[in-house]
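I opened this notebook to record, entry by entry, what I looked up in one structure. I begin with a single residue and work outward from there.

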Amino acid sequence: MIIPWLSELDGIDYPTQIQQYLIPDIFPNDGPPHEHHPHALALYHAILDLKAQTVVETGTRNCRSLRIIIEAVKQTGGHAYSIDTTVYPLRVRESTDTQYVTLLTGHSLEVPWEQPINVFFSDSSHEYNIVMEELDRFWPFITTPGLAIV
């Protein structure tokens with residue numbers, strides 16, 4: 001599936017022309033403006049475009065991507081699940097509404113999962129073998145239409 005607005009990002013004067021694609025300001029005083037990064041825009045708008053009800057992220061770490069996901073599922077009425085061996089719930093609580101997210105502690109290949117996924121975002125280990133194992137693990141649950149982002 002090609003997301004129509006994504007092709008509009010090709011060839012733009014980054015970052016000045018990207019302003020029209022801004023994500024809500026969810027990182028006040030929190031480092032660089034992550035919402036300007038093209039991958040963050042793609043993630044946010046993919047969730048909105050698919051009207052995703054279930055979004056799964058592997059690799060919570062500092063919650064930056066998770067907060068983008070949560071802002072998007074607020075708009076779709078969906079729910080986010082973030083899987084990591086170490087979860088930082090305080091950062092989520094400080095930054096957003098926890099009613100939109102479930103934090104799952106454990107290895108992404110071992111945490112039980114049985115429900116459909118509209119958007120899957122593999123962001124744990126960036127090693128080829130782990131990414132492929134995560135795709136093998138979660139692919140059967142990705143809906144049509146659905147999206148896997150690695």
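Entry one. I started with Thr76, which lies in helix H3, and I kept in mind that the model is a predicted one. Is Thr76 buried or exposed? I read a relative accessibility of 17% for Thr76, and because buried means under 20%, Thr76 counts as buried.

Entry two. I then asked what surrounds Thr76, and, leaving aside neighbours within four places in sequence, I found Thr76 in contact with Ile47, Leu48, Lys51, Ala52 and Gln53. With Ala52 I also noted a polar approach, since a polar atom of the Thr76 side chain lies 2.6 Å from the backbone oxygen of Ala52.

Entry three. I widened the view to the whole of H3, which is mostly covered, with eleven of its 13 residues buried; among them are Arg64, Arg67 and Glu71 as well as Leu66, Ile69 and Val73. I checked its length too: at 1.5 Å a residue the 13 residues of H3 should span 18 Å, and the end C-alpha atoms are 19 Å apart, which agrees. After H3 comes Gly77, whose phi is positive, near 75°.

Entry four. Which residues touch the most other members of the largest nonpolar core? Of its 21 residues, I listed Ile47, Val55, Ile69, Val73, Ala80 and Val119. I noted that helix H2 (38–50), helix H3 (64–76) and strand S4 (117–122) each supply at least two residues of this core. I also found a second, separate core of twelve residues, including Val56, Tyr81, Val111 and Ile117. I set beside this the general remark that nonpolar side chains tend to be buried together in soluble globular proteins.

Entry five. I followed Ile69 in particular, and, not counting residues up to four places away in sequence, Ile69 touches Leu43, Ile47, Val55, Glu57, Ala80 and Phe121.

Entry six. I turned last to helix H5 (residues 128–138), where the buried residues are Ile130, Val131, Glu134, Leu135, Arg137 and Phe138. Seen down the axis of H5, these buried residues fall within an arc of 165°, so they line one face of the helix. On the other side of H5 I found Tyr128, Asn129 and Asp136 exposed. What covers the buried residues of H5? I noted that the cover includes strand S1 (54–58), strand S2 (79–84), S4 and strand S5 (142–149).

Methods
Residues are numbered from 1 along each chain as its sequence is written. This is a predicted model: local features need pLDDT of at least 70, side-chain atom pairs count only at pLDDT 80 or more; totals for chains, interfaces and linings use all residues. Side-chain values use heavy atoms; hydrogens and water are left out. A nonpolar core is a set of buried Ala, Val, Leu, Ile, Met, Phe, Trp, Tyr and Cys residues joined through side-chain atoms within 4.5 Å. Buried means under 20% relative accessible area, exposed over 50%, partly exposed in between (1.4 Å probe, protein chains only). Helices (H or I, at least four residues) and strands (E, at least two) are DSSP runs, numbered from the N terminus. Contact means heavy atoms within 4.5 Å. The arc is that of the directions from the helix axis to the C-beta atoms. The expected span of a helix is 1.5 Å times one less than its number of residues. A polar contact is a pair of N or O atoms within 3.5 Å; within protein, one must be able to donate a hydrogen and the other to accept it, and residues adjacent in sequence count only if both atoms are side-chain atoms.
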